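Work through the exercises below with the sequence and the coordinates at hand. Each task is followed by a solution in steps.

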Amino acid sequence: LPKIDFLFVYKLISIANNFRRILAYKYLINELKIETKVFIEYLKDFHDFSIDFVDDLHITQPIRYLAYVDYENKMIFALNEILKYENRLRFTLVHEISHLLLHEELQQILLNNKVLILLPESQKARIELQANKLTSYILLPPEQFMTELNYIIHKYNLNNNRGYYIYLDSQPCNINQWNCISTYLSSKFGVSKDVIKRRLKDIGFLKIADE
């Protein structure tokens, strides 16, 4: 069975930064929030992949997928409903691009051998974890993200005396503070508040009650 190598965070960040540099050079962009059309153009220009929006992916799995990659025909199929949610579409496209950046060689091995290889669940989980992490670093580049966080810390006069900056519970004042900060970051980078929440928790900026 093919082995999915472990990738350190610094390696994923390096891949993400290089990817954004390619987009900046090729498409002359320098925004924190990259438009979805740029990712679609990248897929075509660099991987010869097209995207097709459909009503049903015809995938029977416990997890409801929003998109599916057909490596053999170089197609990405995505549900039509995702077109209503720009941030979800952006994340989904970058997630599939992350698979291409990290796992395209693995998929080619499977295709060339013309055999169905059932990877262990641990390996499948590693593949998805890597794609999710790379997606996060592409959409929320750490250096720029910290710049925006420092702006927020100054704007809201936050302190770190408790070991974190934001405490999210049922208190209206804490909910209001979270909404202000997450709305700003979500709009700035073009991702959902859940993506913002995961990054803030990872870096110790956010503490959630009962977690």
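The exercises concern a predicted model and go from the whole chain to single residues.

**Exercise 1. The chain as a whole**

Task: Determine how many helices and strands the chain has, and compare its radius of gyration with that of a compact globule.

Solution.
1. Count the elements: the chain has 7 helices and 5 strands.
2. Put them in sequence order, which gives the pattern α-α-β-β-β-α-α-α-β-α-α-β.
3. For 211 residues, a compact globule would have a radius of gyration near 17 Å; the chain has 19 Å, and the two agree.
4. Take the extents along the principal axes: the C-alpha atoms fill a box of roughly 60 × 40 × 35 Å.
5. Apply the burial cut-off of under 20% relative accessible area. Of the 211 residues, 42% are buried.
6. Take the contacts with a separation of 6 or more: 68% of them are between residues 24 or more positions apart.

**Exercise 2. The sheet**

Task: Find the order of the 3 strands in the open sheet and state which strands stand at its edges.

Solution.
1. The order is β1-β3-β2, and the pairing is mixed.
2. β1 (50-54) and β2 (67-70) each have a single partner strand, so both stand at the edges, with one side left without a neighbour in the sheet.
3. Neighbouring strands are turned by 20 degrees against each other on average, with direction ignored.
4. Recall that strands of a sheet pair through backbone hydrogen bonds, either parallel or antiparallel.
5. β1 and β3 (residues 75-79) run parallel and are joined by 5 bridges. S50 stands opposite M75 in β3, and V54 has L79 of β3 as its bridge partner.
6. β2 and β3 run antiparallel, with 4 bridges between them. Here D70 is paired with M75 of β3.
7. Check the burial of β3: 4 of its 5 residues are buried, so this strand is largely enclosed by the rest of the structure.

**Exercise 3. Positive phi outside glycine**

Task: For L28 and K74, give the value of phi, locate each residue and decide whether each is buried, partly exposed or exposed.

Solution.
1. Start from the background: most residues other than glycine have a negative phi.
2. L28 departs from this with a positive phi near 55 degrees.
3. L28 sits in the loop between α1 (9-27) and α2 (36-47).
4. L28 has a relative accessibility of 76% and therefore counts as exposed, the cut-off being over 50%.
5. K74 also has a positive phi, near 50 degrees.
6. K74 is in the loop between β2 and β3. These two strands form a hairpin with 4 residues between them, and K74 belongs to the turn.
7. The relative accessible area of K74 is 27%, so K74 is partly exposed.

**Exercise 4. The two sides of α6**

Task: Compare the span of helix α6 (residues 172-189) with the expected value, then find where its buried residues lie around the axis.

Solution.
1. α6 has 18 residues, and its first and last C-alpha atoms are 26 Å apart; this is close to the 26 Å expected at 1.5 Å a residue.
2. List the buried residues of α6: N174, Q177, W178, I181, S182, L185, S186 and F189.
3. These residues cover an arc of only 150 degrees around the axis, so they are on the same side of α6.
4. P172 and C173 are exposed and lie on the other side of α6.
5. Move past the end of the helix: α6 is followed by G190, which has a positive phi near 70 degrees.

**Exercise 5. K193 and its contacts**

Task: State which helix holds K193 and which residues K193 touches, leaving out those up to four places away in sequence.

Solution.
1. K193 is in helix α7 (residues 193-202).
2. Its relative accessibility is 32%, so K193 counts as partly exposed.
3. With sequence neighbours up to four places away left out, K193 touches W178, N179, S182, T183 and S186.
4. Consider W178 in particular: W178 is 15 residues from K193 in sequence, and the C-alpha atoms are 9.8 Å apart in space.
5. Return to the list for α6: W178, S182 and S186 are among its buried residues.

Note on methods: Residues numbered from 1 in each chain as written. Predicted model: local features only at pLDDT ≥ 70, side-chain atom pairs only at ≥ 80, totals over all residues. Heavy atoms only, no water. Pairing = 2+ DSSP bridges. Axes fitted to C-alpha atoms, helices over the stretch in contact; angles between N-to-C directions. Expected span 1.5 Å × (residues − 1). Buried < 20%, exposed > 50% of the residue type's maximum accessible area, 1.4 Å probe, protein only. Arc of directions from axis to C-beta. Rg over C-alpha atoms; globule rule 2.2 N^0.38 Å. Contact = heavy atoms within 4.5 Å.
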